[in-house]
Every structure is written in structure tokens, then in C-alpha cells.
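Here's a walk through the side chains of this protein, starting with its aromatic rings and ending with its nonpolar cores. Keep the structure open as you read.

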Amino acid sequence: MTTPWKAQQLIADGFERVYAVLDWYDGPRKGLAVIDGVPHYFEGGDHDPTGVALEYSVWPASEAAVAMEREQWAIYVRYEVSDAGREEHPGNGGVDTRYDELEVLLAPHRQAPDGTQRLVAEMRLDDGDRYRLDGGDLWFRWGARERFQPENASPKSPVS
């Protein structure tokens, strides 16, 4: 289990917020995150050979797509913090009309275009709630594969 980090320390260490995770399987596979101050989609999550980071295809997200993703994330968060059962999950379709509309509107934005950039991301969790409107507790530090070779890896223990 990973020990959570303070947001101030994450920022100081060059980590940036993940706004939304769209797919999770043994880690984040697809979502919307900040890269060098600009929102980007990410997709992949293949483990880097060093075991330190994950490799993703990334592409910029438009302002309109970011607004819709954040709106859909807010609907998702409301479900996650409620006592609703699995059958009431908005991702099931037919549960929340606006969530369904956003799913259709966002589909073309979520498709990786030709020529996407490949970056490696180191992942950390902050000490806040997992589900919150600002995107939750997941943060990435992005770079080229060479940045994450074992001799360049940062320490793995959080600063209090």
C-alpha cells in the first residue's frame, strides 16, 4: 500500500493532478490529466521496464472537452459518495441522462489521434479523499523513459 503524500510536496516534486480516471485496471489506464500545465488525455498504462513508471499515449484536450469531462466526473463523484447501489451507477447507462449525453459527446475526444506522444508517468496518491470534484487523489509526474531509469528515480517515502 502506498503512503499518501501532501499536495504541496507533490507540486514541489513536479507532480500534476489527474482530473478524471476513465478506466482503471491494475492502475490508471485512461483519463484526463495535466501535463506541463495543459490538460491532456492519457491512455495505456503499460509498465515501464524499470518498474518505476507507466507508459502512456497522450494528446491535448480541448477546453470544451475538459469542461465536459469535469462535469461528468462530478456526476460520477456524486454517485461514489452516495449510498447508491451498483445498479444506480451512472456508467451503466440509463441512470443519469446528462451522464449519458456526455458519454456520447466525449467519445470522439477520448479517441487517440494519429501521432500521439508517448510519455512515462510516475504515480502518487495525495492524502485527500479518493473521490472529489477536483479529480481525486491521483497525481502523475511526466517525462521521457530516460528520466525514470533507476539511478534517476526519486525516493519513495512521503514527506510529512
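## Rings that pair up

Two rings of Phe, Tyr or Trp (for Trp, the six-membered ring) count as a pair if their centres lie within 6.5 Å. With that in hand, and bearing in mind that this is a predicted model, look at Phe42, Tyr56, Phe140 and Trp142: ring pairs link them into a cluster. Searching the whole structure turns up ten aromatic pairs.

Take Phe42 and Trp142 to begin with. Their ring centres are 6.2 Å apart and the planes meet at 55°, so this pair is tilted. Phe42 sits in strand 3 (residues 38-47) and Trp142 in strand 6 (residues 138-143), so the pair ties together parts that are 100 residues apart in sequence. Both Phe42 and Trp142 are buried.

Tyr56 and Phe140 make another tilted pair, with 5.5 Å from centre to centre and 45° between the planes. Here too, distant parts of the chain are linked: Tyr56 belongs to strand 4 (residues 54-60) and Phe140 to strand 6, 84 residues apart. Tyr56 has 0% relative accessibility, so it counts as buried. Phe140 is buried as well, with a relative accessible area of 0%.

## Arginines over rings

Two tryptophans have a charge for company. The charged end of Arg124 sits over the ring of Trp5, 3.6 Å from the ring centre. Arg130 does likewise with Trp24, its charged end lying 5.5 Å from the centre of that ring.

## Arg132, a buried arginine

Now find Arg132, in the loop between strand 5 (117-125) and strand 6. Is Arg132 buried or exposed? Its relative accessible area is 17%, and the cut-off for buried is under 20%, so Arg132 is buried.

What does the side chain of Arg132 reach? One partner is the backbone oxygen of Gly136, at 2.7 Å. Another is the side chain of Asp126, joined to that of Arg132 by a polar contact of 2.4 Å. Leaving out residues up to four places away in sequence, Arg132 touches Arg17, Trp73, Val77, Asp126 and Asp137.

## Gln72 on helix 2

Gln72 is a polar residue to look at next, placed in helix 2 (residues 63-80). With 3% relative accessibility, Gln72 counts as buried.

Gln72 and Leu102 are 30 residues apart in sequence, yet 6.6 Å apart in space, C-alpha to C-alpha. Leu102 is also one of the residues Gln72 touches, along with Tyr99, Glu103, Leu106 and Arg110, not counting residues up to four places away in sequence.

## The nonpolar cores

In soluble globular proteins, nonpolar side chains tend to be buried together. The largest nonpolar core here has 17 residues, and the members touching the most others are Leu32, Tyr41, Ala61, Trp73, Leu102 and Leu106. Strand 1 (16-24), strand 2 (28-35), helix 2 and helix 3 (97-106) each give two or more residues to this core. Which element gives the largest share? That's helix 2, with seven residues.

Leu32 is worth clicking on. Beyond the residues up to four places away in sequence, Leu32 touches Val18, Tyr19, Ala20, Pro39, His40, Tyr41, Phe42, Ala61, Val66 and Glu69. Apart from the largest core lies another one, of twelve residues, including Ile35, Tyr56, Leu138 and Phe140. Tyr56 and Phe140 in that second list are the partners of the tilted pair described earlier.

How values were computed
Residues are numbered from 1 along each chain as its sequence is written. This is a predicted model: local features need pLDDT of at least 70, side-chain atom pairs count only at pLDDT 80 or more; totals for chains, interfaces and linings use all residues. Side-chain values use heavy atoms; hydrogens and water are left out. Rings of Phe, Tyr and Trp (its six-membered ring) pair if their centres lie within 6.5 Å; planes under 30 degrees apart count as stacked, over 60 as edge-to-face and the rest as tilted. Helices (H or I, at least four residues) and strands (E, at least two) are DSSP runs, numbered from the N terminus. Buried means under 20% relative accessible area, exposed over 50%, partly exposed in between (1.4 Å probe, protein chains only). A charge sits over a ring if NZ of Lys or CZ of Arg is within 6 Å of the ring centre and within 35 degrees of the ring normal. A polar contact is a pair of N or O atoms within 3.5 Å; within protein, one must be able to donate a hydrogen and the other to accept it, and residues adjacent in sequence count only if both atoms are side-chain atoms. Contact means heavy atoms within 4.5 Å. A nonpolar core is a set of buried Ala, Val, Leu, Ile, Met, Phe, Trp, Tyr and Cys residues joined through side-chain atoms within 4.5 Å.
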